Amino acid sequence: MTHTNTSLSRMPNPADFVPELNDISAALFRATGNRSVPRTTMSLVHLRAGQIVGNTYLTVLNTGFLRKAGESEERITAVSSWQDAPWFTAAERAALALVEATLQPAPHGRERVPDELYAEVAAHYDEKALATLTIAIGQINFFIALAVIGKPQPVGSLADEQWG
């Protein structure tokens, strides 16, 4: 049985009501587009964030970005189980661990991002890259709210119609 959702989204495009959203979005993309962290790493981190929060829009969008970048299906599929997958570099693993620590509740009595994890990430990224990666995690957190509340139509490209 095939279920077809004819509605594009749960709500209209928020930028139609708050046009400053476009400026915020553009500024975040400029801030993370400084090439200090590979774009592939950013998409892996954003895909993992979408998986963690269980959002189809974010997972489809970032899977599309990775495919367009030429990433293998094995790497894309294995993002959800990256800890034991052989296809990720140490730097990518550190970035994936950081987004998981940021988005998931901390174990009782512990910090979300313990010093050991921070040191691991800092071993792979210089200060500019670490700041950029941190902003990229903040960027996806910003878009998580729009995605889970507004429920835009899953798309493979930002150029596609997302909002109804």
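**Group meeting: an all-helical predicted model**

At 34% relative accessibility, Phe-29 counts as partly exposed. I begin with this residue, in what is a predicted model, and I shall return to its aromatic partners once the overall architecture has been set out.

Let me turn to the fold. The protein chain holds seven helices and zero strands, and from the N terminus on its elements run α-α-α-α-α-α-α. The radius of gyration is 16 Å, close to the 15 Å that the globule rule gives for 164 residues, so the chain is as compact as a globular protein of that length. Along its principal axes, the C-alpha trace spans about 45 × 40 × 35 Å.

How much of the chain is buried? Buried residues account for 40% of the 164 residues. The chain exposes about 9300 Å², and carbon and sulfur atoms supply 56% of that area. As for contacts, take those between residues at least 6 apart in sequence: 67% of them join residues at least 24 apart. The charges can be summarised briefly. There are 13 positive and 17 negative charges, and their mean positions are 3 Å apart.

I now come back to the aromatic residues. A pair of aromatic rings is described by the distance of the centres and the angle of the planes. In this model the count comes to two aromatic pairs. One of them joins Phe-29 and Phe-143; this pair is tilted, with 6.1 Å centre to centre and 40 degrees between the planes. The tilted pair links distant parts of the chain, since Phe-29 sits in helix H1, residues 20–32, and Phe-143 in helix H7, residues 127–150, 114 residues apart.

Is Phe-143 buried or exposed? Its relative accessible area is 18%, and with the cut-off for buried set at under 20%, Phe-143 is buried. Phe-143 also pairs with Phe-142, and here the arrangement is edge-to-face: 5.2 Å centre to centre, with 85 degrees between the planes. Phe-142 has 31% relative accessibility and therefore counts as partly exposed. Taken together, Phe-29, Phe-142 and Phe-143 form one aromatic cluster.

Next, a charged residue in the interior. Arg-75 is found in helix H4, residues 73–78. With 12% relative accessibility, Arg-75 counts as buried. Which residues does Arg-75 touch, not counting those up to four places away in sequence? They are Thr-40, Leu-44, Trp-87, Phe-88 and Glu-92. One of these, Thr-40, falls within helix H2, which covers 39–53, and another, Glu-92, falls within helix H5, 90–103.

I move to the chain ends. Asn-13 is found in the segment before H1 and, at 24% relative accessibility, counts as partly exposed. Leaving aside neighbours within four places in sequence, Asn-13 is in contact with Trp-163 and Gly-164. The C-alpha atoms of Asn-13 and Glu-161 are separated by 10.0 Å, although these two residues are 148 residues apart along the chain.

A contrasting case is Gly-109, which is found in the loop between helix H5 (90–103) and helix H6 (115–124). Gly-109 has 78% relative accessibility and so counts as exposed. Gly-109 and Arg-67 are 42 residues apart along the chain, and their C-alpha atoms are separated by 39 Å.

Finally, a word on backbone geometry. Most residues other than glycine have a negative phi, and most peptide bonds are trans. Where does the model depart from the negative sign? One such residue is Arg-35, which is not a glycine and yet has a positive phi of about 70 degrees. Arg-35 is found in the loop between H1 and helix H2, and at 78% relative accessibility it counts as exposed. Another is Lys-151, where phi is near 50 degrees, again a positive value in a residue other than glycine. Lys-151 lies in the segment after H7.

To close, I would ask you to keep two places in view when you inspect the model. The first is the aromatic cluster of Phe-29, Phe-142 and Phe-143; the second is the contact of Asn-13 with Trp-163 and Gly-164.

Notes
Residues numbered from 1 in each chain as written. Predicted model: local features only at pLDDT ≥ 70, side-chain atom pairs only at ≥ 80, totals over all residues. Heavy atoms only, no water. Helix = DSSP H or I, 4+ residues; strand = E, 2+ residues; numbered from the N terminus. Rg over C-alpha atoms; globule rule 2.2 N^0.38 Å. Buried < 20%, exposed > 50% of the residue type's maximum accessible area, 1.4 Å probe, protein only. Contact = heavy atoms within 4.5 Å. Areas by Shrake-Rupley, 256 points an atom, 1.4 Å probe, with all protein chains shown as cover. Lys, Arg positive; Asp, Glu negative; His and termini not counted. Charge placed at Lys NZ, Arg CZ, Asp CG, Glu CD. Phe/Tyr/Trp six-rings, centres within 6.5 Å; stacked < 30°, edge-to-face > 60°.
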